[in-house]
Amino acid sequence: MPRALQLSSILLTNLSHPMGGFHHYGQINEDFLMLKGCVMGPRKRILTLRKSLLTHTSRIALEKIDLKFIDTASKWGHGRFQTDAEKKAFQGLLKKDREAMEIILIFIFLFIEKKKKKKRKKKSLCC
């Protein structure tokens with residue numbers, strides 16, 4: 001199942017990224033595997049994964065993993081919001097969004113006025 005997670009029979013696609021990307025790494029657009037613990041070397045080191053030669057019998061190795069929640073809040077700052085929609089619902093329209101809406105409304109208003117003028121011209125020509 002590429003670029004998706006199966007959580008309690010709910011399919012979540014592309015929701016496993018923190019808002020704003022991973023700390024000191026950025027957004028990831030490809031499939032990825034997150035490892036618990038640490039790996040020696042640089043952040044973007046290519047790893048070769050293989051099946052273990054030893055059979056693990058410890059209680060921790062045999063424990064079934066049951067994911068219930070993935071934290072997607074931003075790791076920069078306070079990290080209050082889990083999704084962009086939740087953030088926009090709390091903050092409301094941004095200045096750039098308001099300005100874009102105003103421009104669209106102006107164009108709609110001018111378009112309607114132009115239609116009204118055409119109707120007036122047609123009435124004046126007919127009668």
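## A guided tour from the largest pocket to Thr-83

Begin with the largest pocket of this predicted model, which holds about 850 Å³ of space. Select Tyr-25, Leu-33, Met-34, Leu-35 and Arg-43, the closest to its centre among the 22 residues that line it. A pocket here is an open set of points on a 1 Å grid over the protein atoms alone, where a 1.4 Å probe fits, with protein on both sides within 12 Å along at least five of seven lines; lining residues have an atom within 4 Å of a point. The volume is the space filled by probe spheres set on the points. Colour the lining by residue class to find 14 nonpolar, 3 polar and 5 charged residues.

Residues are numbered from 1 along each chain as its sequence is written. Local features need pLDDT of at least 70 and side-chain atom pairs 80 or more, while totals for chains, interfaces and linings use all residues, and side-chain values use heavy atoms, with hydrogens and water left out.

Next, display the whole chain as a cartoon. The chain has 3 helices and 2 strands, in the order β-β-α-α-α along the sequence; these are DSSP runs (helices H or I, at least four residues; strands E, at least two). Of its 127 residues, 9% are buried (under 20% relative accessible area; exposed is over 50%, partly exposed in between, with a 1.4 Å probe and protein chains only).

Move to helix α3, residues 95-126, and select Ile-104. Ile-104 is partly exposed because its relative accessibility is 46%. Add Leu-93, Met-101, Leu-105, Ile-108, Phe-111 and Ile-112, which together with Ile-104 make a nonpolar surface patch of about 680 Å². Such a patch joins nonpolar side chains within 5 Å, from residues with over 30% relative accessible area and no salt bridge (a side-chain nitrogen of Lys or Arg within 4 Å of a carboxyl oxygen of Asp or Glu).

Now select helix α2, residues 84-91. None of its 8 residues is buried, so α2 lies largely in the open. Gly-92 follows α2 and has a positive phi, near 80 degrees.

Finish at Thr-83, in the loop between α1 (59-62) and α2. Thr-83 is partly exposed, at 32% relative accessible area. Draw a distance from its C-alpha atom to that of Pro-18: the two are separated by 8.7 Å, although they lie 65 residues apart along the chain.

Conventions: Nonpolar A, V, L, I, M, F, W, Y, C, P; charged D, E, K, R; others polar. Patch = residues over 30% accessible without salt bridge, like charges linked within 9 Å, V, L, I, M, F, W, Y side chains within 5 Å. Areas by Shrake-Rupley, 256 points an atom, 1.4 Å probe, with all protein chains shown as cover.
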